[in-house]
Amino acid sequence: MTGDHHVLPPPPELHITIEEGSQNSEQLFEDDGNELEMERNDIDIESNGLEIEGNGLDTESNDLQDDCDQMLEIEENHESNGDDATAVSVENGISQGKNYPPPAVGMEFESYNDAYNYYNCYAKELGFAIRVKSSWTKRNSKEKRGAVLCCNCEGFKTIKEANSRRKETRTGCLAMIRLRLVESNRWRVDEVKLEHNHLFDHERAQNCKSHKKMDAVAKRKVEPTVDVEVRTIKLYRTSMVDPVGYGCSNSIEGEISECVDRSRRLKLKKGDSQIIYNFFSHSQLTNPNFVYLIDLNDEGCLRNVFWIDSRSRAAYGYFGDVVAVDTTCLSNKYQIPLVAFVGVNHHGQSILLGCGLLGDDTFETYVWLFRAWLTCMSGRPPQTIITDHCRAMQSAISEVFPRAHHRLHLSHVMQSILENLGELQESGVFQMILNRTVYETVKVDEFEMGWDDMVRRFGITDHGLLCTLYEERERWAPVYQKDTFFAGMCTFQNGESTISFFDGYVHKQTSLKEFFHMYELVLQTKHKNEAVSDIESRDLSPMLKTRCFYELQLSKLYSNEIFRRFQDEVVLMACLRITESHANGHVVTYMIKEHGAEGDRSDIRNFEVMYDKAGMEIRCMCSCFNFNGYLCRHGLYVLNCNGVVEVPFQYILSRWRKDFKRLYIPNVESNNVDSSNPIQLFDHLYRRSMQVVEEGMMSRDHYTVAWQAFKESLNKVRLVSNNHV
């Protein structure tokens, strides 16, 4: 657990028991319907009941399309007994002649024993054994609240066990089901993994502990005879693919849910669910390490969706210091309730770091979304999060990212001020005073006095929005943000920002079908723009405008776009003059006077700059370095006056360099691979080969070497295969 990652402690009345489990058990706690999580800093973190579907080539039978095909053959003449879910006979309702259906998310049982015996019988029929990986109970009552049942081949032996003479039977198999007690009287399957990484052995399975202790009574509970009332499994069909309910199960419960608050689910039109499913299926097959997570409410309706591809997950490792949460579609009531996580690359271009579709904008929904996103980022939060002004989102960020700097979109704040002031938004005088107060003040007292004068002058001292924004001014006013790093995502000179990723592509009437149709095209366009900028920065030298050596130095280091921004600072050095105001040992404080363009002496501003000669550290009250990631003209001027011939290395961020090395694949962490595990072998070889692909794309020479290496490697591998024939 990293020091930056906040972990929610389990509730005090919850008692956790690990039964025959491995050390890396994943547990989901429930207390009175509120689920908490035990977090780990890997991609298998389970959060708030999230169901992670990833590593695209595996299509589990509990996946969404299986739900669309209903997974089980429901008898046409089956009469509903008034229950709130689809009733399916365990004995007669299974296709392909099986006695037990494969487990699926949404199955329900009347007791824990029923659920255990069902999975045990299913396992015995297929030829594997099961055990209880973990379970949890309430501390005082000892009432079981949930459990994870796994394949007996799950995990690996400990070092102590490995030294024993017993044959190794564990293969790290991931097959499992997670059970949860709901409404104190039903046991629901919350998560299913069907894929095994080993062969089934019916003879060995018959002699395993779980099958030996199965008595006749337990068998009868899941294998009813003709004379006994047939026990049913309740299956809530996954609402994403329901063609009638558009987001809720097509059952009697769907009718009952008319009385339930429908705002607590994703609002889909006819066909939208199939569009989402098709997109996820295609992405999993074409994009390794693509991950999506879905959130269902208690009525079985789809509430929220989140997805992220491997490139975005890898890009976060390089550019995850500042992240903006773009909720424009949600807050402006677009047809698609899209939320996008956006970062900025070394060219100052926006990059996508994940997307979600949300059913509402409540605290609980944002907590789910942020935990889903953090899960996919290996539990590593960003330094700075930029969002719209939303109390629910603000509370959720405090909950999930307690150590991150939460800031508001300055441009959105300024826009909301103008839109809510009626006739004043047309007043050029008011806009001028507002801009001067927000953008040009460099000291806190200057801002506060200017704000007070402004609201008094225009008679808006009691305006509700302005009062609220002023109370939260430390989250958006530039004068309070000097210690916050923004990586240029908010340029505080004019309020512009580079936050929107889908700007110009998604409009208020854009449908879900249109969005997913253009989604890949938008990504390809953005990736192409980045590749073109890489080539231009590498091959084209920017034109210099001054004789300052700082300009020449950073023209060789910065990407072209970042250099152009830095170059503007160098040019404006001509508008400055300096007077030493105070010296304290090797720390000197300078007062920089800056006049307007073309020598306009009427517009003079003062900037205080502190310079530590010993460590060559410099700090300007304009805070350009924190806002934009490069030194300001005032700092450069002080360095020049002190005879410093080069910009110190600590002020040249690697994230802006033209030679910044990026591999848009997940990190390759360890060389320890189990040679008997084909899944680990594939995963390790794939990641290593993708490193060669990424490096090989950098130039024609790189490509030639990489292609030759691939051909030689393939010939060597085939030679090994021929020797084994």
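Which glycine takes a positive phi just after helix 21? In this predicted model, the residue is glycine 643, with a phi of about 75°. The legends below begin with helix 19 and proceed to helix 21, the salt bridges and the aromatic pairs.

**Figure 1. Helix 19 and the elements that cover its buried residues.** Helix 19 comprises 12 residues, 560–571. Its first and last C-alpha atoms lie 16 Å apart, close to the 16 Å expected at 1.5 Å a residue. The buried residues of helix 19 are Asn560, Ile562, Phe563, Phe566, Gln567, Glu569 and Val570. Viewed down the helix axis, these buried residues fall within an arc of 155°, so they line one face of helix 19. The elements covering them include helix 17 (512–539), helix 18 (549–555), helix 20 (624–628) and helix 21 (633–641).

**Figure 2. Helix 21 and its surroundings.** Of the 9 residues in helix 21, 7 are buried, so this helix is largely enclosed by the rest of the structure. The buried residues are Arg633, His634, Gly635, Leu636, Tyr637, Val638 and Leu639. Their cover includes helix 18 and helix 19, together with strand 19 (576–584), strand 20 (587–595), strand 21 (604–612) and strand 22 (617–620). Just after the helix comes glycine 643, whose phi is positive.

**Figure 3. The segment annotated in UniProt as "domain: SWIM-type".** An unreviewed UniProt entry lists residues 607–643 under this name. Over residues 607–643, the chain of the model is 38% helix and 27% strand. The C-alpha atoms at the two ends of this segment are 20 Å apart.

**Figure 4. The salt bridge between glutamate 594 and arginine 633.** The side chains of glutamate 594 and arginine 633 meet at an N to O distance of 3.0 Å. This pair links distant parts of the chain, with glutamate 594 in strand 20 and arginine 633 in helix 21, 39 residues apart. Both glutamate 594 and arginine 633 are buried.

**Figure 5. The salt bridge between glutamate 399 and arginine 371.** A search of the whole structure finds 21 salt bridges. In the bridge between glutamate 399 and arginine 371, the closest N and O atoms are 3.6 Å apart. Glutamate 399 belongs to helix 12 (residues 391–400) and arginine 371 to helix 11 (residues 363–376), so the pair ties together parts that are 28 residues apart in sequence. Glutamate 399 is partly exposed, at a relative accessible area of 30%, whereas arginine 371 is buried, at 6%.

**Figure 6. The salt bridge between arginine 391 and glutamate 472.** The side chains of arginine 391 and glutamate 472 meet at 2.8 Å, N to O. Arginine 391 lies in helix 12, and glutamate 472 in the loop between helix 16 (464–471) and helix 17. The pair thereby links distant parts of the chain, 81 residues apart. Arginine 391 is partly exposed, with a relative accessible area of 48%, while glutamate 472 is buried, with a value of 10%.

**Figure 7. A network of salt bridges.** The residues linked in this network are Glu108, Arg186 and Arg188.

**Figure 8. The stacked pair of tyrosine 119 and tyrosine 122.** A search of the whole structure finds 42 aromatic pairs. In the pair shown, the ring centres of tyrosine 119 and tyrosine 122 are 6.1 Å apart and the ring planes meet at 20°, so the pair is stacked. Both tyrosine 119 and tyrosine 122 lie in helix 2 (residues 112–126), where, being 3 residues apart, they are separated by about one helical turn. An α-helix has 3.6 residues a turn, so residues three or four places apart point the same way. Tyrosine 119 is buried at 2% relative accessibility, and tyrosine 122 is buried at 5%.

**Figure 9. The edge-to-face pair of phenylalanine 279 and tyrosine 519.** The ring centres of phenylalanine 279 and tyrosine 519 are 5.2 Å apart and the planes stand at 85°, so the pair is edge-to-face. Phenylalanine 279 lies in helix 8 (residues 272–286) and tyrosine 519 in helix 17, so the pair ties together parts that are 240 residues apart in sequence. Phenylalanine 279 is buried at 7% relative accessibility, and tyrosine 519 is buried with a relative accessible area of 4%. Ring pairs link Phe279 and Tyr519 into a cluster with Phe280, Phe290, Tyr292, Trp307, Phe501, Phe502, Phe515 and Phe516.

Notes
Residues are numbered from 1 along each chain as its sequence is written. This is a predicted model: local features need pLDDT of at least 70, side-chain atom pairs count only at pLDDT 80 or more; totals for chains, interfaces and linings use all residues. Side-chain values use heavy atoms; hydrogens and water are left out. Helices (H or I, at least four residues) and strands (E, at least two) are DSSP runs, numbered from the N terminus. The expected span of a helix is 1.5 Å times one less than its number of residues. Buried means under 20% relative accessible area, exposed over 50%, partly exposed in between (1.4 Å probe, protein chains only). The arc is that of the directions from the helix axis to the C-beta atoms. Contact means heavy atoms within 4.5 Å. A salt bridge is a side-chain nitrogen of Lys or Arg within 4 Å of a carboxyl oxygen of Asp or Glu. UniProt positions are given in the numbering used here, feature names are shortened, and annotations may be inferred rather than shown by experiment. Rings of Phe, Tyr and Trp (its six-membered ring) pair if their centres lie within 6.5 Å; planes under 30 degrees apart count as stacked, over 60 as edge-to-face and the rest as tilted.
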